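Subject: The structure we talked about

Hi,

Here is the model I promised to pass on, so open it up and keep it beside this email while you read. My notes on it come right after.

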Amino acid sequence: MLDTQPLEASGAFARPFRPRRVGIVGGGTAGLLTALALKEWQPELEVTLLESSKIPVIGVGEATTPPIVPFLFGYLGIDPHQFERAVAPTWKLGIRFEWGAPEPWYFNYAFGDGDLADAQRHDGHPNRYAMTSMLMSADKGPVAKVGGKLIPLLNETRFALHLDNERLVAFLHARARAVGVTLVDATLGDVEVERGHGSQRHIKRALFDIDGTSQALSFDLWVDCTGFRSLLLGKALEVPFESYADALFTDTAVTCVRDNGGQPRPYTTATT
């Protein structure tokens, strides 16, 4: 059984609210990265991650942008060599958008600095607006040969990572245990909501199925990482979902395993 009695009684938030026990519902990369970030921010926090083993890890690649690099290896203090061995990521310099003829039939969104207008004015081609963009067009990486030696230039290059989700989640699970996050295999049941002033609502407690036993848990702060199901925000607290469906032309994802055709390219490809 978990000791999860609420820190303060309902209505006692006139003084600054400082949570001591945090409950994160939902795992995956969202829940695990949230747990790790909270423990790094306030190591004394009691962080509990509640996720169900009945919900499998989505076996797809995680696409990221450059801030993931300082977040993982700077803020969270993860050793990049250990991460490389365990997760086997590939790195990318940007995103290549392909839309067909005529020339130029693709556009590089490179993560490095550059000036599109300047490249168009002097060169007549927007894809030569940055060194990283030119490397993408050549399917090359930021490695220079100096005096017969190969010198990696990733430290001077803005880049992001492509991550295998199953490997990443396994690594983050191990990391979370190591920093003191409590991981609980649990399925969310009923949620008890209390109403405050006006339209304010907050979660008082929630029932979870843990090892075949129903347990009522309470936390000072709840975090909803249940994704599209939005079990706490959407279902329990009835926070309305704001849809952008009328402006999103891509509304379906299909996953598959595909051969990379040789050497991995240093970018994500988005093809219409």
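Let's start with strand β1, residues 21-25, which is mostly covered: five of its five residues are buried. Keep in mind that you're looking at a predicted model.

Which way do the residues of β1 point? R21, G23 and V25 go one way, while V22 and I24 go the other, and all are buried. That fits a general pattern: in a regular strand, side chains alternate between the two faces of the sheet.

β1 also has a partner. Strand β2, residues 46-51, runs parallel to β1, and five bridges join the two. If you want a spot to click on, look at G23, which sits opposite T48 in β2.

Now zoom out for a moment. The protein chain has seven helices and 15 strands. Its C-alpha atoms fill a box of roughly 65 × 45 × 40 Å along the principal axes. Of the 272 residues in the chain, 34% are buried. How much area does the chain expose? That comes to about 17,300 Å², and carbon and sulfur atoms supply 55% of it.

Two more numbers for the whole chain. If you take the contacts between residues at least 6 apart in sequence, 62% of them join residues at least 24 apart. As for charges, there are 26 positive and 32 negative ones, and their mean positions are 3 Å apart.

Next, the sheets. A quick reminder before we go in: strands of a sheet pair through backbone hydrogen bonds, either parallel or antiparallel.

One open sheet has three strands in the order β11-β12-β13, with antiparallel pairing. Why do β11 (187-195) and β13 (213-217) each have a side without a neighbour in the sheet? They stand at the edges and each has a single partner strand, so one side is left free of a neighbour there. On average, neighbouring strands in this sheet are turned by 20 degrees against each other, ignoring direction.

Let's walk through that sheet pair by pair. β11 and β12 run antiparallel and are joined by seven bridges. One residue pair to find is E192 with its bridge partner R205 in β12. The two strands form a hairpin with five residues between them, and G198 in the turn has a positive phi of about 60 degrees.

Then comes the other pair. β12, residues 201-210, pairs with β13 in the antiparallel sense over five bridges. D209 has S214 as its bridge partner in β13, and A206 stands opposite L217. This hairpin has two residues between its strands, and D211 takes a positive phi near 55 degrees.

A second open sheet of three strands has the order β6-β5-β15, and here the pairing is mixed. β6 (106-110) and β15 are the edge strands with a single partner each, so one side of each has no neighbour in the sheet. From one strand to the next, the twist averages 20 degrees. Strand β5, residues 94-98, runs parallel to β15, with four bridges joining them. Look for F97 there, which stands opposite A270 in β15.

Last, a couple of residues with backbone angles worth a look. Most residues other than glycine have a negative phi, and most peptide bonds are trans. A88 isn't a glycine, yet its phi is positive, near 50 degrees. Where does A88 lie? You'll find it in the loop between α3 (80-87) and β4 (90-92). A88 counts as partly exposed because its relative accessibility is 39%, and that class runs between the 20% and 50% cut-offs.

E238 is another residue other than glycine with a positive phi, near 55 degrees. E238 is in the loop between α7 (231-236) and β15 (268-271). Is E238 buried or exposed? With a relative accessible area of 52%, E238 is exposed, since exposed means over 50%.

That's what I have for now. Have a click around and send me your questions!

Cheers

Terms used
Residues are numbered from 1 along each chain as its sequence is written. This is a predicted model: local features need pLDDT of at least 70, side-chain atom pairs count only at pLDDT 80 or more; totals for chains, interfaces and linings use all residues. Side-chain values use heavy atoms; hydrogens and water are left out. Buried means under 20% relative accessible area, exposed over 50%, partly exposed in between (1.4 Å probe, protein chains only). Contact means heavy atoms within 4.5 Å. Accessible areas come from the Shrake-Rupley method with a 1.4 Å probe; for residues, only the protein chains shown count as cover. Lys and Arg count as positive and Asp and Glu as negative; His and the chain ends are not counted. The place of a charge is taken as NZ of Lys, CZ of Arg, CG of Asp or CD of Glu. Two strands pair if DSSP finds at least two bridges between them. Axes are lines fitted to C-alpha atoms, for helices over the stretch in contact, and angles run from 0 to 180 degrees between N-to-C directions.
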